[in-house]
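Colleague: Hi! Could you pull up the model so we can go through it together?
Modeller: Sure, here it is.

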Number of protein chains: 2
Amino acid sequence: MAVEALAQKVFRARIERLQGDLASRGADGAVLFSPQAIAWLTGYFTLPTERPLALLVPRAGDPYAFVPGVEWDAASRVPTIGEVWRYFEYPGPAPPLSYLARRLKGLGLKRLIADAPGWGRRYGYEGPQLSELLPGTVVEIDPALVEGSWQVKFPEEIELLRVSAEWADRAHRLLQEAIRPGERELSLSIQVSAQASQEFLAAMGEGYGGFLRGGTPVSAGIISGARSALPHAMSRERTLQAGDVLISGVGVEVFGYSVELERTLILGKPTPEQTRFFSAMQRAQEAGLSACGPGVPLREVDRRVRGVLLAEGLGRYLRHHTGHHLGWEGHEPPYIDAFAQGEMRPGQVFSIEPGVYVPGLGGFRHSDTVLITEDGAEVLTRYPRDLRSLTVEA
Amino acid sequence: MAVEALAQKVFRARIERLQGDLASRGADGAVLFSPQAIAWLTGYFTLPTERPLALLVPRAGDPYAFVPGVEWDAASRVPTIGEVWRYFEYPGPAPPLSYLARRLKGLGLKRLIADAPGWGRRYGYEGPQLSELLPGTVVEIDPALVEGSWQVKFPEEIELLRVSAEWADRAHRLLQEAIRPGERELSLSIQVSAQASQEFLAAMGEGYGGFLRGGTPVSAGIISGARSALPHAMSRERTLQAGDVLISGVGVEVFGYSVELERTLILGKPTPEQTRFFSAMQRAQEAGLSACGPGVPLREVDRRVRGVLLAEGLGRYLRHHTGHHLGWEGHEPPYIDAFAQGEMRPGQVFSIEPGVYVPGLGGFRHSDTVLITEDGAEVLTRYPRDLRSLTVEA
């Protein structure tokens, strides 16, 4: 499976990049509690619960996983993990992190960097922090230790995003074809997500994995009518009607990577009012897309987008900034904000998604995923953006 | 919609229970950052991001919501929330929590209890903790302030769980009917989840909501073959074969509440070995189910279950304890563990789910959801548990 091979290829490079960071900071090892960071580094995906789980990355050599009974067998099968340290269960006879501390002491590590003080309060977990259990060891806390690394993509990660983008476009085509008056919001989303996921899985072939039971690799949904003016609305089982504004959202997870693709659609002939807001949003998005490139200050991209919308007198309809970095997580820093620090860099991937939200009428937002390159920017999601293409017959 | 009315009814009671706690602890108000706690108290479901969001519950009167631009319009529509405090965006010109601190000062609150020191590090969020911004105010941190309250269910919550249980049984019937050799694990899960969700939504009627775009209210899935021996395995697109052991999992979310229903199934005529492990697991689960009741020590339930499995010589195949509290979150404390403190209380809801995991052969686990009553226990999930009912023709 070409896609899986691509995903497997990067783990070693990621671990080595972290080990290089540890060496330059004079640390003996990194202790990672973040399940996202562990998955990104090693390909070991877990279902995090109240039971603590951690990864030790020593300055040289293979990582060690520290896991509860429910993960013993799974952790042992992960090719990038050398040794698995086991405890049975939480709460158990002693705090789970005390077993981890004993193992760390056994390796004689003197200076550690951890991404958190201990296991978070997931599902009511309570327990001591790592530093309390390691009195002779320096434990520096740096939550950005690993997550900083996924803010510039490896070439393999960009390939995974390209696969995601291709399937997102196909799923959006299916979604748009299924939209008609009388359909219901949630039912339609579920039906299209299932159909697009089946096609995706068939193409990926037998053995493809990386998803939770009951989840779908492709998710495609809509918010319709006046509720589309709520930028983060949850779907409801509302019946679609002629005259509706709709905002769609499509994601396709490919070994943890997904692009973001969102479109504003009009069900029936657009009214002059709908056309005005759509067109202003589209011009603002175009200003944002064309502003992207290496060395461009993040705040400059936001300024250009906002400039278009403010010139139209739409200031009171704005509810958020221009976009965010993405790929491994849905949102990642940095953010394209009026007050953001820093510049765009080659290998970064951003959403460009200005929105205009008109209470009572609806919301107008496209979101596209843009790769910053050495000499410009490439829009990975290519679904049509113009009003004619996004008008659905009612 | 009867189910929605039921869900709405409890919010006021929950807020008042918290206000009673605040009064007895001498606090002027609670500041909640946990999105789960905010949703449970007020019915306000959000999509948490890097943008801080909080709820202030004063000792008397309606709660205040503190929200970013993407939530302005949604927060204003929540009936249980009095006033909405707004900031535009993160990162923005000043730390979002500084606006919250100014509002709290404006109300003259002197003593607060918060469920966290500040907004967590979601999606790379960085910012000061609340206490740093409120030098004249006492801010006590108590992460269990609200989550402790959902460990004993209100009668309305138990009704929501009954609806969930009824639909979980129906969804499991659909799932079992669809299992056959040649089907693939993930495809089958996606297909059945979509079908069961459509039936569920049709029964709930127009306007039903509370789910994310692309999500399904019913999730039904399986892990098959040797990978069923990994207790928390992720599904893969594996092809089912005669002779497989399967572990199913079904959940139905009804306004945030879900039961847990899991079964071990055999595809084809069970071998003597499969029968032995299935039967030991089933007897252990029966021992657990019949041990439940008010006043029963949690560790006693675990002891009885383990006793059955150890007497069979299966100790090396155990990977976890007997179960966990559940309902609002998938896992909630307390846990049914050999070292757990405390007793079962009326109104609590537990999973009873002993497992036997045989490397290379498969996993054997049923999970049922049990309500502790005044005079005993009631199993909410009634799907058949015996081997004959769970044998699927190959």
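Colleague: How much area do chain B and chain A bury between them?
Modeller: About 6900 Å², and 58% of that is on carbon and sulfur atoms. Bear in mind that this is a predicted model.

Colleague: Fair enough. How many residues does the contact take from each chain?
Modeller: Chain B gives 85 residues and chain A gives 85 residues.

Colleague: And how many salt bridges are counted between chain B and chain A?
Modeller: Four. In one salt bridge, the side chain of D73(A) meets that of R319(B), with N to O at 2.7 Å.

Colleague: What about polar contacts between the two chains, how many residue pairs?
Modeller: There are 24 residue pairs in polar contact between chain B and chain A, with both residues at pLDDT 80 or more.

Colleague: Which elements give two or more residues to the side of chain B that touches chain A?
Modeller: In chain B, they are the helices α3 (72–76) and α7 (185–204), along with the strands β7 (209–211), β8 (218–224), β9 (235–236), β10 (245–252) and β13 (332–336). The most comes from α7(B), with ten residues.

Colleague: How do the residues on that side of chain B divide by type?
Modeller: On the side of chain B that touches chain A, 35 are nonpolar, 29 are polar and 21 are charged.

Colleague: Let's switch to the sheets. What is the strand order in the open sheet of four strands in chain A?
Modeller: The order is β8-β10-β11-β19 in chain A, and the pairing is mixed.

Colleague: Why is one side of β8(A) left without a neighbour in that sheet?
Modeller: Because β8 (218–224) of chain A stands at an edge with a single partner strand; β19 (391–392) of chain A is placed likewise at an edge.

Colleague: In which sense does β8(A) pair with β10(A), parallel or antiparallel?
Modeller: Antiparallel, over seven bridges, with β10 of chain A covering residues 245–252. Within that pair, A220(A) stands opposite V250(A) in β10(A).

Colleague: Which helix packs on that sheet?
Modeller: α7 (residues 185–204) of chain A does, touching β8 and β10 of chain A. The direction of α7(A) makes about 160° with that of β8(A).

Colleague: Now the open sheet of six strands in chain A. What order do the strands take?
Modeller: They go β4-β3-β2-β1-β5-β6 in chain A, again with mixed pairing. β4 (83–86) and β6 (138–141) of chain A stand at the edges, each with a single partner strand, so one side of each has no neighbour in the sheet. The twist from one strand to the next averages 20°.

Colleague: How do β5(A) and β6(A) pair, parallel or antiparallel?
Modeller: Parallel, over four bridges, with β5 of chain A at residues 111–114. I113(A) has E140(A) in β6(A) as its bridge partner.

Colleague: And which strands does helix α2 of chain A lie across?
Modeller: Helix α2 (residues 35–42) lies across β1 (29–32) and β2 (54–58) of chain A, at about 50° to β2(A).

Colleague: Last topic, backbone oddities. Is the peptide bond from Y90(A) to P91(A) cis or trans?
Modeller: Cis, with omega near 5°. P91(A) is in the loop between β4 and α4 (96–106) of chain A. In chain B, the bond from Y90(B) to P91(B) is cis too, with omega near 5°. For background, most peptide bonds are trans.

Colleague: What sign does phi have at F255(A), positive or negative?
Modeller: Positive, at about 50°, although F255(A) is not a glycine. You'll find F255(A) in the loop between β10 and β11 (264–267) of chain A.

Note on methods. Residues numbered from 1 in each chain as written. Chains lettered and ligands numbered in written order. Predicted model: local features only at pLDDT ≥ 70, side-chain atom pairs only at ≥ 80, totals over all residues. Heavy atoms only, no water. Contact = heavy atoms within 4.5 Å. Buried area = accessible area lost by both parts, 1.4 Å probe. Polar contact = N/O pair within 3.5 Å; in protein donor to acceptor, adjacent residues only side chain to side chain. Nonpolar A, V, L, I, M, F, W, Y, C, P; charged D, E, K, R; others polar. Pairing = 2+ DSSP bridges. Axes fitted to C-alpha atoms, helices over the stretch in contact; angles between N-to-C directions.
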